[in-house]
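Me: Could you take a close look at one part of this model for me? I'd like to hear about the disulfide and whatever you can say about the buried residues.

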Amino acid sequence: MNKTQTILTFLMIASLMIAGCASKTDNAAVDNVKSTEEETVKIGFLGPLTGGAATIGVPVKDAVAMAEEQINKENLIPGKKLTIIYEDDQCDPKSSTTAFTKLATIDKVAATIGPMCSGPAFADAPIAEQNETVRLVRDFRLKNEKVCF
């Protein structure tokens, strides 16, 4: 399986898991969603889209966008539309906390993919805990965080 297929598969599985969680009425993310938006599952993406690490972040963003399109086209989350909200964290902790705060408090995403860099991943952890925002992060050192997978 190539890297793009792996990312697509991961995003589809994550989206289905998040959609399942979002259907529960006790989920904090769902309680914050307006009734007009109940048919949309919003997931945030945090990655380096500019700066030195953009060579990593942009291809991953493109793969996530492809997965979003495929998930919606094939109705893989029955009755719901997947919307990914992209934020550039520039692999910088300060930029990431600003972007993560927006995703969690303004956009009210059900979960986030990323950040991709360890500095931002650690910096965003308290905000994720406070807002009960599920994070899909690749940094194994965050395994004790209760909202990080």
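Reply: Here is a walk through the cysteine pair, followed by two residues in strands. Keep in mind that this is a predicted model.

Let's start with the cysteines. Searching the whole structure turns up one disulfide, and it joins Cys 91 to Cys 117, with the sulfurs 1.4 Å apart. The link between Cys 91 and Cys 117 is left-handed, at -45° about the S-S bond. These two cysteines tie together distant parts of the chain, 26 residues apart. Cys 91 sits in the loop between strand S2 (81-88) and helix H4 (93-106), while Cys 117 is in the loop between strand S3 (111-113) and helix H5 (118-131). How exposed are they? Cys 91 has 25% relative accessibility, so it counts as partly exposed. Cys 117 comes in at 18%, and because the cut-off for buried is under 20%, Cys 117 counts as buried.

Now for strand S3 itself, which holds Thr 112. Thr 112 is buried, at 0% relative accessibility. Setting aside residues up to four places away in sequence, Thr 112 touches Ile 43, Gly 44, Phe 100, Leu 103, Thr 133, Val 134, Arg 135 and Leu 136.

One of those contacts, Arg 135, is worth a stop. Arg 135 belongs to strand S4 (residues 134-136). Arg 135 is buried too, with a relative accessible area of 0%. As for where its side chain goes, Arg 135 reaches the backbone oxygen of Ala 121 at 3.0 Å.

Technical notes. Residues are numbered from 1 along each chain as its sequence is written. This is a predicted model: local features need pLDDT of at least 70, side-chain atom pairs count only at pLDDT 80 or more; totals for chains, interfaces and linings use all residues. Side-chain values use heavy atoms; hydrogens and water are left out. Helices (H or I, at least four residues) and strands (E, at least two) are DSSP runs, numbered from the N terminus. Buried means under 20% relative accessible area, exposed over 50%, partly exposed in between (1.4 Å probe, protein chains only). A polar contact is a pair of N or O atoms within 3.5 Å; within protein, one must be able to donate a hydrogen and the other to accept it, and residues adjacent in sequence count only if both atoms are side-chain atoms. A disulfide is a pair of cysteine sulfur atoms within 2.5 Å. Contact means heavy atoms within 4.5 Å.
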